[in-house]
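This report describes the contacts, charge pairs and helix packing of one protein chain. The sequence and the structure come first.

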Amino acid sequence: VYKRQGKKEDFEDFTFTFKAYLNLCDPEYGNELKMVEDDLETEVKDEFFKWDVPVPVSSAQVPIETAAGSSQQQRKDSAAPQSETRENPERVARSANLQYLLTILCEGSAVQILRRETNMNGYESWRLLVKRYSTPRRSKAINLLTKIMTATFHGDFESKFSQWEED
């Protein structure tokens with residue numbers, strides 16, 4: 001079992017491995033985690049678990065009043081397609097599984113974040129963990145640029161370059 005103790009420096013490795021496993025289980029995890037990570041400031045609420053489901057248009061006979069006042073039957077085939085919003089049971093199940101996996105894989109201060117999520121919403125827990133432990137994209141870019149600009153490869157270039165890449 002791969003345990004995380006709530007250390008920022010370990011979080012990038014953890015997310016890489018964790019996402020690989022989740023995508024193996026169900027490729028939809030990748031899409032859903034990306035949606036959550038793309039907007040870390042917005043809480044993952046009930047709307048995240050809803051989807052629009054097409055509702056078949058009934059071909060039942062609909063009474064129509066004529067000019068003479070008598071009623072005739074007409075098919076309602078020309079109605080526009082409709083949809084209704086329903087809970088996505090697969091996404092709800094993935095959320096519960098995600099919460100369970102995070103609970104068994106995290107330790108220390110990361111568990112405190114998970115305990116605050118009383119609705120067992122795994123996607124909200126993921127959002128909070130990423131918000132707390134991931135390095136912001138701008139900081140990553142600046143760190144990488146600084147590392148590239150300050151690199152020196154005196155002596156055996158190949159071994160120094162390999163060591164630089166590992167760091």
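In this predicted model, Tyr-123 is in contact with Tyr-29, Glu-32, Leu-33, Val-36, Val-44, Phe-48, Phe-49, Arg-91, Arg-94, Ser-95 and Leu-98, when neighbours within four places in sequence are left aside. Tyr-123 lies in helix α5. Its relative accessible area is 0%, and because buried means under 20%, Tyr-123 counts as buried. The side chain of Tyr-123 also makes a polar contact with the side chain of Glu-32, at 2.2 Å. From C-alpha to C-alpha, Tyr-123 and Gln-99 are 7.5 Å apart in space, with their positions 24 residues apart in sequence.

**The nonpolar core**

Tyr-123 is one of the residues with the most contacts inside the largest nonpolar core, a group that also includes Phe-18, Leu-98, Leu-102, Trp-126 and Leu-129. This core has 25 residues. At least two core residues come from each of α1 (8-25), α2 (28-37), α3 (89-105), α4 (109-116) and α5 (122-133). Helix α5 supplies the largest share, five residues.

**Arg-127**

A second buried residue of helix α5 is Arg-127. Its relative accessibility is 7%. Where does the side chain of Arg-127 reach a backbone oxygen? The backbone oxygen belongs to Leu-40, and the distance is 2.4 Å. Not counting residues up to four places away in sequence, Arg-127 touches Val-36, Asp-39, Leu-40, Glu-41, Thr-42, Glu-43 and Val-44. Val-36 and Val-44 are also in the contact list of Tyr-123.

**Salt bridges**

Side chains of opposite charge can pair when their charged atoms come close. The structure holds eight salt bridges. Three of them are listed here with the distance between nitrogen and oxygen.

| Pair | N to O distance | Relative accessibility |
|---|---|---|
| Asp-26 and Arg-94 | 3.2 Å | Asp-26 22%, Arg-94 9% |
| Asp-38 and Lys-34 | 2.9 Å | Asp-38 47%, Lys-34 49% |
| Lys-131 and Glu-41 | 3.3 Å | Lys-131 41%, Glu-41 62% |

In the pair of Asp-26 and Arg-94, the side chains meet in a salt bridge. Asp-26 sits in the loop between α1 and α2 and Arg-94 in helix α3, 68 residues apart, and the pair links distant parts of the chain. Asp-26 is partly exposed, whereas Arg-94 is buried. Asp-26 and Arg-94 also belong to a network of salt bridges that links them with Glu-32 and Arg-91. Of this network, Glu-32, Arg-91 and Arg-94 appear among the contacts of Tyr-123, and Glu-32 is the partner in the polar contact of Tyr-123.

In the pair of Asp-38 and Lys-34, the closest N and O atoms are 2.9 Å apart. Asp-38 is partly exposed, and Lys-34 is partly exposed as well.

The third pair joins Lys-131 and Glu-41. Lys-131 lies in helix α5 and Glu-41 in the loop between α2 and β1 (50-55), so this salt bridge ties together parts that are 90 residues apart in sequence. Lys-131 counts as partly exposed and Glu-41 as exposed. Glu-41 is also one of the residues touched by Arg-127.

**Packing of α2 and α3**

Two packed helices are described by the angle between their axes and the distance between the axes. How do the axes of α2 and α3 cross, and within what distance do they come? The axes come within 11 Å and cross at roughly 80°. Angles of 65 to 115 degrees count as roughly perpendicular, and α2 and α3 are therefore roughly perpendicular to each other. On the side of α2, the residues that meet α3 are Glu-28, Tyr-29, Glu-32, Leu-33 and Met-35. On the side of α3 they are Arg-91, Arg-94, Asn-97 and Leu-98. Among these, Tyr-29, Glu-32, Leu-33, Arg-91, Arg-94 and Leu-98 are also in contact with Tyr-123.

**The chain as a whole**

The chain has seven helices and four strands. Along the sequence they follow the pattern α-α-β-β-β-β-α-α-α-α-α. The chain has 167 residues, and buried residues make up 26% of them. Of the contacts with a separation of 6 or more, 64% are between residues 24 or more positions apart.

Key: Residues numbered from 1 in each chain as written. Predicted model: local features only at pLDDT ≥ 70, side-chain atom pairs only at ≥ 80, totals over all residues. Heavy atoms only, no water. Core = buried A, V, L, I, M, F, W, Y, C linked by side-chain atoms within 4.5 Å. Buried < 20%, exposed > 50% of the residue type's maximum accessible area, 1.4 Å probe, protein only. Contact = heavy atoms within 4.5 Å. Salt bridge = Lys/Arg side-chain N within 4 Å of Asp/Glu carboxyl O. Polar contact = N/O pair within 3.5 Å; in protein donor to acceptor, adjacent residues only side chain to side chain. Axes fitted to C-alpha atoms, helices over the stretch in contact; angles between N-to-C directions. Parallel < 35°, antiparallel > 145°, perpendicular 65-115°, else oblique.
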